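Biologist: Before any label is accepted, I should like to hear the reasoning behind it. Could we take the structure one classification at a time?

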Amino acid sequence: MPFGKTIAFHSYKGGTGKTTLIANLAALYALKGINVCLLDFDLYAPSLSMYFRKKPTTYLNALLRGELDQPNGKVDASSLITDLSPELGLKGKFLLGFSSQNKEDIGEIEFQHDQKWQLKAIKRFQSLKKQLFQEHEIDYLLLDTSPGIRYWSINALAMANMLFLIMKTSDMDIEGTKKMANDIYDVLVRYGKSKYFIILNKVLDISNSNGLWGDLTELTWSGELQKDIGTEVVGSVPCCCDIQFSKHEFLYAVKNPEHTFSRKVLELSERIRGL
Amino acid sequence: MNLGFLNTSKIDQSKFIAVVLLNLGALSWFFIINFYLADIFNILVPPRPPDPSWAVTIGNSLIYGFTIFWSVTVSFIGGKINRRQLLLASTILGIFSTILLAFAEGPLFAAIVASLIGTSLGLGLPASMALVADNTVVENRGRASGILILATFIIAFTCMAICRTLGFDTSFDLSVMVLILVGVRSISLFPLVLGKFDRSLKTVEKKIRLSATAYREFIFYLIPWFIFTIASSLAYSLISAANLAEGVYVGDTLKYVFIAVFGLVAGFMADRYGRKQPIILGLAIFGVGYLLLGFGIGELAVNIYSALSGVTWGLFFVIFLAVPGDLSTPILREKFYALGYILPVTALFALSAIQVENIGDILPPETIAQILGICLFLAMYPVFRAKETLTQGKIRERKMKEYVEKLGKAIQETEKNE
């Protein structure tokens, strides 16, 4: 790719903390002066507009339906993309694109299984992606995807260069992730996507686990997991109750840089840049 | 043959090939014997008036009777027997009994050989078929069964073609027949000698009780299979009574070709759309064939009927090889195959061989054909009631996997163009 990187965050189950992680990561990049764009591709259960408390006039759904098509083959993204960096005081661009929480829009996505429609919609997204990289000079395009194996989670993964599987450490998550890796990720890698990676999120503090983890250390556990799923664990973010149970977590890593969570997300952001 | 589909579910290809060889050695051997049974027995026991076919009838009854008896018995006491030894014994007995055919003379000897052939089949088939299910999963069991049936009928058909080329229709040569049969039966020896598998139930699983629902569903699937069996054997009697043997050669040949081809088609359909559609399609096609016979049993009608019955046989052979595996747990598989596959198929051959004498005197053949045609359509009802063993979730999962492949290719092409 001649442009920057497209990164998709995905998980087997919901509730793994994808949105919190990706929003904080994007903001940390923008804070450092890197131009990022974060798109809400969790089309079945959108949450970014709530997270950022924004009510946009145009959603990604309109782009996919072809309502933003222009005669020159491009798409009109002016009303779709919002730059939050001036508002948040970030150095780099922090572009955001939301998807609709409207029931009809979600229903359309949910029941639209016509593969020709899907492929057309993907082409429209590819056109937007090109514009974001060329005209808005984006370094990173981050995609927050729907959990599980559904059309639009697969589509988003297929459009990305780097795939990150966010998972918690429960057996169910591990088994599901393994299956997803076999069924989806391995196929996408075969078709030219870069290797996929695992990010452990909401990880229990092993030193304080009351013996639940036996003799395991986080390092040996990650090693086992890497062997089991067949890919690298690139980050491990601890479970922090103050974030987990806060009424509205909002770019915590930017506002509280000394917090364990923030430091771990920062480490992760650097690791991802190095990949 | 591309066996790549097995990889998607992590199935060992070499094990699968071993299972196919094991089964096709027994099944093709059985089909060839069945095809030439009358010729073989007429040599062992020369026909005597007033009933020239008595020896053939008794030989048939012994083979099929022993097959049913041993398959059911072994499936019920099977847990106590080492499967590898059982399969080896069954194969060696099959080879031995085939060789004996060359030396058999007189009714007693012929009866002993027929019993040994039946015993060989009955001992080995339930475990061999259960191995197909053990080595596949619901998503690829249909295709695996399709490949098995295709391979079986290719072998059987090739052997029959060789026999025809050698002029067996006019002068049957028992010693050449024995050589061919020994060769076919020996195919099963390869996987057993090479030690590619062992169906040790201790390693398969501990005893898990099947719910009553699974048995009920199995019965729903069995009803059309049995009705088809009865209809098919009656058709055989009706056609035989019409004495069209020479004129229906084309239909008979097409029948075997269609069994092989539609067996494979059924496998793909079964894994793509489910098990029920091929059964319904098979019943409808066979019903049409039967109704056609109802308008008059002439050469054309019989040829078309034979070809259509080949389609149904192909579909049914495969689906009913997959369904018992879908519905049973490993420990119960042999019972399911003995009762749900071997019993109906063998009973059909036994019924066809015995033939209902003077069936035309009871009711006109056309009326019988029409009534049974309607029965076949009615047999669809239990299939509609039955639970689809390939669940919607599995179908959706497969569609998603295909979509990922398609999407991967499409995006790769777009990126190349850019």
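Modeller: This is a predicted model. In it, chain A and chain B bury about 1,900 Å² between them, with 61% of that on carbon and sulfur atoms. On the chain A side, Gln115(A), Gln126(A) and Tyr191(A) lose the most area to chain B, together 30% of what that side buries. The contact takes 22 residues from chain A and 17 residues from chain B.

Biologist: What makes the pair Arg190(A) and Glu405(B) a salt bridge?

Modeller: The N to O distance between their side chains is 2.4 Å, and the cut-off is 4 Å between a side-chain nitrogen of Lys or Arg and a carboxyl oxygen of Asp or Glu. The pair therefore satisfies the rule. Across the interface of chain A and chain B, the rule finds three salt bridges.

Biologist: Why is Asp105(A) called buried, and why is Arg65(A) called partly exposed?

Modeller: Asp105(A) has a relative accessible area of 14%; buried means under 20%, so the label follows for Asp105(A). Arg65(A) has 28%, which falls between the 20% and 50% limits, so Arg65(A) is partly exposed.

Biologist: How do you know that Asp105(A) and Arg65(A) form a salt bridge?

Modeller: Their closest N and O atoms are 3.1 Å apart, within the 4 Å cut-off. This pair links distant parts of the chain: Asp105(A) belongs to helix α5 (residues 103-111) of chain A and Arg65(A) to helix α3 (residues 60-65) of chain A, 40 residues apart.

Biologist: What separates Lys178(A) and Glu175(A) along helix α8 (residues 171-190) of chain A?

Modeller: They are separated by about one helical turn, because they stand three residues apart in that helix. Their side chains meet in a salt bridge (3.3 Å, N to O). Glu175(A) counts as partly exposed at 49% relative accessibility, since exposed would require over 50%.

Biologist: How are Arg398(B) and Glu402(B) classified, as buried or partly exposed?

Modeller: Arg398(B) counts as buried at 16%, being under the 20% limit, whereas Glu402(B) counts as partly exposed at 34%. Both lie in helix α18 (residues 392-417) of chain B, four residues apart, and their closest N and O atoms are 3.2 Å apart in a salt bridge.

Biologist: What makes Ile77(B) eligible for a nonpolar surface patch?

Modeller: Patch residues need over 30% relative accessible area, and Ile77(B) has 41%, so Ile77(B) meets that condition. Ile77(B), Phe76(B) and Leu339(B) make a patch of about 270 Å².

Notes
Residues are numbered from 1 along each chain as its sequence is written. Chains are lettered from A and ligands numbered from 1 in the order in which they are written. This is a predicted model: local features need pLDDT of at least 70, side-chain atom pairs count only at pLDDT 80 or more; totals for chains, interfaces and linings use all residues. Side-chain values use heavy atoms; hydrogens and water are left out. Patches are made of residues with over 30% relative accessible area and no salt bridge: like charges are joined within 9 Å, nonpolar side chains (Val, Leu, Ile, Met, Phe, Trp, Tyr) within 5 Å. Accessible areas come from the Shrake-Rupley method with a 1.4 Å probe; for residues, only the protein chains shown count as cover. Buried means under 20% relative accessible area, exposed over 50%, partly exposed in between (1.4 Å probe, protein chains only). Contact means heavy atoms within 4.5 Å. Buried area is the accessible area (1.4 Å probe) that two parts lose on being put together, summed over both. Helices (H or I, at least four residues) and strands (E, at least two) are DSSP runs, numbered from the N terminus.
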